[in-house]
Structures are given as C-alpha cells and as structure tokens.
Amino acid sequence: MSESTTPALTGTPDLESFLRAFQALATAASEQQAAGREGTQPVLPVLEAHLGQDPRALAVHTAELPVLRRVDVDIAVEAVVQDAGGGRLLGLGGGEQRAHMSLSEILQHAGIWGGQFPVGPVDYHRAATGPTTTRQMVAFGLHLFTHEDVPVVLVQRRASMRHNGSPILEVLCPDDEVAARLLDRVRAEMDARSSLRGQVVTFSGSPFDPGEAGVVHVPRPRVAREDVVLPAGTLERVERQVLGVARHRDALRAAGQHLKRGVLLYGPPGTGKTHTVRHLVGASAGVTVILLSGQTLQLVAVAAETARALQPALVVLEDCDLVAEERSHDGSGPLLFEVLDALDGLAADADVTFLLTTNRADVLEPALAQRPGRVDLAVEVPLPDAAGRRRLFTLYGGALPFTPAALDAAADATDGMTASFVKEAIRRAVLLAAEAGRAVTDDDLADAVREMTGDAERITRSLLGVGAGLPGADELG
Ligand code: ADP
C-alpha cells in the first residue's frame, strides 16, 4: 500500500526532508520488492520522494491550452525541462481510468487504493508538425524536475473529450508562485517555438468532437499574380491591404496607424475568390496562415488567439455566409457575430489579417452593418467581362494550339460565364479531341463552348457558378 507514512519528525529541515525522502524511497522499494516485478511501483511515494512532501497536501495548478497548440505544448514542455537540466519522465498505469480523472483525483485514489496507479510506461502519440514532418509527443506523462530550484511534477496529457479537446498541464509544486511562473514560462515557450509559426494550417475533424480535431499542415500554395485574372486595379487593392500593410508595418506603426485588417472578397461562385486567397497566401512568405471553412469556422476564437500569438498572421474564413445561414434566417447568426467579434478583439497593432470570402454578400451585409469597423475593405470579384474572358481563355488554353481568332470567338460566346467555366471549356475541348483520337483544334474549342452554353447543360453551368448566387453581389461596394 502507498498510504502516506510521514512520521512526526523533529530536527533540522534538511534532516527532516532527507528522512522523509528516504522513508518514501524505502517504502517504494519494499512495495516493489513485495510485488516481485517491475511496473507495480505505486506512484504516490515516488512523487512524495521527489517533492519532499505528501503531494496530496499541495494545490494542483491546471492549464487548459488550445487544441490547436498541442504540438506546441509538447515542444515547450520539453524545452523547459531541458532548460532545468533535465528530469525524469514517468508514465502511469491503471488503465483508462486515469484519463478520466484529474491529477488531484488520481492522487486521492492512489492514496486510498495504492496500487491502482502504479508507475507505468509513458504514453506517446504522433502528430504532424509540417506538411511532411511529424513529432512523437507525450500523450500521458509525469515530468519530475526542478524549476527555480524547487521540485515540481508536471503532468502532461493529450486532449481528451473530458477537457473539450484541450491539452492539459497540471503542476504540483510546494511553491504556488513557482507553479504559476512555470505555466507562464511554458506558454511563452509555446509562442516562441511554435510549430505553427510561418506555416499554413487548417483543421480536420469535427468541432463537435474536438478530441479528434487535428491540425493539418498544407503546403503553401503558389499562384502567380499574372494567373489571377481580375478587373484592372482589383488585385492591387486587395494586395495593398493584405500584403502592403505588412510590408509597411513599421511606417504605419510609427504614424500611429493600426495594422489589423479585415478584407471581404465577394462575388458569384467560380470567379476566383479562393484563387485570389491562394495567391495571397503564396505571396505571404513567413506569415502564419489559418484556413477555416464550413464547420471549422466555429474555431474562429481560438484561431484569432493563435494568430495574435504567432503574428504576422492571416486568418482565412472561407464562405463565411454559410455560418450566417446556419444559425439564423436573417444572416445575423451568432456564429457570424463571433467571427466578427474575434476580429474586434484583437489589439489594433496586431499584424493580423482576416480575409473573408462569400458568394452571398446580401446575407453578410446586414451582419457587417451591425458590427461596423471589422471589415475595412470589401472588394467585388465579379464575373469576367469580354477582355477578362479572353485573358482566361489564353491563360488556360495558351499552351494548346488554338488560334487567337478561336480564343476571341470563345470569349465572345461566353458572356455571363465564370472563370471556372472557361477552365472547364478548355478541358472539354481537349477531351473531345482525345475521344476522337486526334490533337485538339479550334473546332473542339468551339464545340465545347457550344455544348456547355447549350440548353442541355444548364445544371453544369449552375455548378460552375453561372447564373447562381448573384443576388446582392453588387449591393456592397
Ligand atoms: P470562387 O472561390 O470564387 O468560388 P475559385 O477561386 O474556387 O472560385 O475558382 C475555381 C477555379 O477556377 C480556380 O481554382 C481557378 O483555377 C479558376 N479561376 C477562378 N477564377 C479565376 C480568376 N479570376 N483568374 C484565373 N483563374 C480563375
């Protein structure tokens, strides 16, 4: 049994603590011997020997950290322990039960039942640290080391449903101030050494099951600016707000101007909002990018907090009208307000961009009007005009043997069509030629356009953004 057996000792503090430690050690040793094998050593005396006192008498300091940062927690803890000159890392046996109990519950139960929580192997799991790299992380472990010359036990556990998916740190330490400073230090190291800094990340899993939610690293996309076909001046305005503010950060700060910015790209589907975002992300080398869309928009508050810690940062909220529609019919859903409030909550001098896209400016506009000042630039990404379509046919068909006259004709015949329609028309032309078993010609392009603009392909056009989602697109600007 591992009942605390601290006797009423008298004498010098040094002798007293030595005797306690010795006694705990002796108890642990005899218990292990009695059990006759490794792995059944009760945890309580081990902690008591390290801390120099009964751990059950100590307050447990707990930090619940954002689920997005779980790799950073592991990196930070490792750095802090190493800085302290190293320590011991122990696991805990006792099956699943320990995962469902807080540290103080574990200690109390260990006190009553002793062997319930023996020292055991450390649990590890693997998580991504980049598009192609992973790290072995502690999933459940107890670090025994000294911080500021005071013995501490730092329990590190992976996100569990019990804790809303957040990684948890629990500190046992005879000095409360030291425990608090240790947790502050871990937080500082998480920011300083973050595995997310300068990366492009998105999330997997459901926000309703955050224990399973994970960070997914994606390679930074490369979309050249000449491959983004927009009306003259449009891309420049967006670039100035997103990239230019970052470039002139110091000048703006010196002139007392704020850095945080909200940019809205709106327009029909298939006109290049995502394409533009990909270009901006590619051009933001070294900037931390967090991409949220669909259900993961719910993580906006945590994304904003992470962006603030890891700035310069860009938070992309794709199709944010979806969350407006999800919660309410009038476009003023609470989640959309949360998105807008996250923007507002950032310090003005934070170099953080919120980049929102929507096909439904009409849905978003009332919410934005109710929360003014969050979006400082709203830019329409419209259907391409004739010159734009000609540029798109050249961009996507340029490497193929189409004559300028055929490209002109295709551009003329596709009034009202989207950029993604143009891209698909080129592919269709290549496919028609391949089916006929020959190289693609001008006629194939004309046939593809004719097919796709014909009555039979009304739904295809709608799926390529043509004729859908237009209402309200030009009401905001
Ligand atoms: P949206 O986000 O507006 O719905 P996307 O950016 O997803 O549209 O467009 C789909 C694809 O069509 C893009 O990946 C790109 O290949 C092409 N595309 C769309 N708009 C443009 C554009 N303005 N310039 C060049 N290519 C475009």
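Okay, quick definition before anything else: when I say helix or strand here, I mean a DSSP run, H or I of at least four residues for helices and E of at least two for strands, numbered from the N terminus. And keep in mind that this is a predicted model.

With that in hand, let's start with a backbone oddity. Asp149 sits in the loop between β5 (134–147) and β6 (150–157). Asp149 isn't a glycine, and yet its phi is positive, about 65°.

There's another one further along the chain. Gln311 and Pro312 are joined by a cis peptide bond, with omega at about 5°. Pro312 belongs to the loop that links α9 (300–309) and β12 (313–318).

Right, on to the ligand. Where does it sit? The space it takes up is the largest pocket. Three elements each give two or more residues to the shell around it: α8 (273–283), α13 (386–397) and α15 (419–435). If you prefer to think in domains, the shell takes at least three residues from domain 2 (220–380) and at least three from domain 3 (386–476).

How many residues surround the ligand? There are 18, and the closest are Val229, Gly270, Lys273, Thr274 and Tyr396. By type, the shell splits into nine nonpolar, six polar and three charged residues.

Now the contacts, which I guess you'll want for any docking set-up. The side chain of Lys273 puts an N or O atom 2.7 Å from a ligand oxygen. For Thr274, a polar side-chain atom is also 2.7 Å from an oxygen of the ligand. Then there's Lys423, where the distance from a side-chain N or O atom to a ligand oxygen is 2.8 Å. As for burial, the ligand on its own has 550 Å² of accessible area, and the protein covers 83% of that.

That's my tour, thanks.

Technical notes: Residues are numbered from 1 along each chain as its sequence is written. This is a predicted model: local features need pLDDT of at least 70, side-chain atom pairs count only at pLDDT 80 or more; totals for chains, interfaces and linings use all residues. Side-chain values use heavy atoms; hydrogens and water are left out. A residue is near a molecule or strand if one of its heavy atoms lies within 4 Å of it. A polar contact is a pair of N or O atoms within 3.5 Å; within protein, one must be able to donate a hydrogen and the other to accept it, and residues adjacent in sequence count only if both atoms are side-chain atoms. Accessible areas come from the Shrake-Rupley method with a 1.4 Å probe; for residues, only the protein chains shown count as cover. On a 1 Å grid over the protein atoms alone, a cavity is a set of points where a 1.4 Å probe fits but cannot get out, and a pocket is an open set with protein on both sides within 12 Å along at least five of seven lines; lining residues have an atom within 4 Å of a point. A molecule sits in a cavity or pocket if more than half of its atoms lie within 2 Å of its grid points. Ala, Val, Leu, Ile, Met, Phe, Trp, Tyr, Cys and Pro count as nonpolar, Asp, Glu, Lys and Arg as charged, and the others, Gly among them, as polar. Domain bounds come from an automatic or database domain assignment.
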